Amino acid sequence: MLLIACPFCGPRDETEFRCGGESHIARPGPAETVSDERWGDYLFNRANPKGVHLERWLHGHGCGQWFNVARDTVSHRVLAVYRMGDPPPKDLTP
Amino acid sequence: MAEIVLRQSPLDHLSLDARAVAEPGPAGVVAGERRFVAKVNLRGDPADEAFVKVAKGALKVFLPTTPNTVDGKRDRYALWLGPDEWLVIGAPGTEGRLVADLRKALDGIVAAVTDVTEGRTVIRLSGVHARETLAKGCGLDLHPRAFGRGRCAQTRLGKANVILHQLDDAPTFDVYVERSFADYLWRWIEDGASEYGFAIVAEPIMAALKARRATR
């Protein structure tokens, strides 16, 4: 089980959290200028890297806050935790 | 607020009062239900000075901004639930006035006041083995160096979502459990505590035991 350090509550068991998928996905716009291909890419295609993955997590059984986690998909290690709206740590940006 | 005549605590069917003892003796864990404790969910921006000042004035306790901490004493507490969310605790039967006072005071300020009294009940656990009993089903580090008096946490206990609040160093814990999980959690606690010696006390006796411990 992962031990995730919620930016508000500190280290908690993985069972208290929910993973919300890849982070930092910007909605393309304005809508009338976006091609179907680009829109489909925004809706359905995700990075799925082998290595550092930036993802959103929700502390659902705790403070109810969303935040970002940088996780290594190979070792399952949590490399960094940062708040919603903050940019990812520079050395971890894919 | 529910009509008093219809009001039932989620643990009433267990007839805990009938099993309550006057003197828990050497029991390692003493537990009882605190029925109908007033609970009000309060949301607002802690960076908004007007909100903080007005809430403090209406509640007579500070809204803690340090995560997982509590301010208050006896029967009025404010528990930190999130960066913009608190659970305000009051004596049984005071929720109506508490909500009315808060709404009136916070008029014109961006805030939300919600009476959540009926949503949860409170199980109070006390005794030298209360911490070990909780630790059997809780991922949190409950050791005094990590969790102590005046701390609270929303977490999982067994399979139930709970809010834990440690009141003193006895240690005494209040466990706020959702209504539909109350029966399950009570049985879980009783099972977990049985190896330490388990005694049920009625609510007023629990208050007296606490007072006696304090004077010792």
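Contact here means heavy atoms within 4.5 Å. The structure on screen is a predicted model, and the tour below treats two interfaces of chain B in turn.

**Stop 1: the two domains of chain B**

Begin by selecting residues 12-35 together with 118-215 of chain B, which the domain assignment gives as domain 1. Give a second colour to residues 38-117, assigned as domain 2 of chain B. If a centre is placed on the C-alpha atoms of each domain, the two centres lie 24 Å apart.

**Stop 2: where the domains meet**

Next, select the residues in contact across the domain boundary: domain 1 of chain B contributes 15 residues and domain 2 of chain B contributes 14. Between them the two domains bury about 1200 Å², and 58% of this area is on carbon and sulfur atoms.

Now restrict the selection to the side of domain 1 of chain B that touches domain 2 of chain B. Three elements of chain B each give two or more residues to this side: β7 (120-126), β8 (152-157) and β9 (160-168). Sorted by class, the residues of this side of domain 1 comprise 6 nonpolar, 5 polar and 4 charged.

A display of polar contacts between the two domains of chain B should be set to residues at pLDDT 80 or more; 8 residue pairs are then found. A search for salt bridges between domain 1 and domain 2 of chain B returns 0.

**Stop 3: chain B against chain A**

Bring chain A into view and select the contact residues of both chains. This selection holds 14 residues of chain B and 10 residues of chain A. The area buried between chain B and chain A is about 950 Å², with 45% of it from carbon and sulfur atoms.

Which residues of chain B lose the most area to chain A? They are Pro83(B), Gln154(B) and Arg156(B), and together they make up 41% of what the chain B side buries. Showing these three as sticks is a convenient next step.

**Stop 4: elements and polar pairs facing chain A**

Highlight β4 (76-82) and β8 of chain B, each of which supplies at least two residues of the side that touches chain A. The greatest contribution to that side comes from β8(B), with 4 residues. Strand β8 of chain B was also among the elements selected at the domain boundary.

Colouring the chain B side by class gives 6 nonpolar, 6 polar and 2 charged residues. Finally, display the polar contacts between chain B and chain A: there are 5 residue pairs, both members at pLDDT 80 or more. The number of salt bridges across this chain interface is 0.

How values were computed
Residues numbered from 1 in each chain as written. Chains lettered and ligands numbered in written order. Predicted model: local features only at pLDDT ≥ 70, side-chain atom pairs only at ≥ 80, totals over all residues. Heavy atoms only, no water. Domains from an automatic or database assignment. Buried area = accessible area lost by both parts, 1.4 Å probe. Salt bridge = Lys/Arg side-chain N within 4 Å of Asp/Glu carboxyl O. Polar contact = N/O pair within 3.5 Å; in protein donor to acceptor, adjacent residues only side chain to side chain. Nonpolar A, V, L, I, M, F, W, Y, C, P; charged D, E, K, R; others polar.
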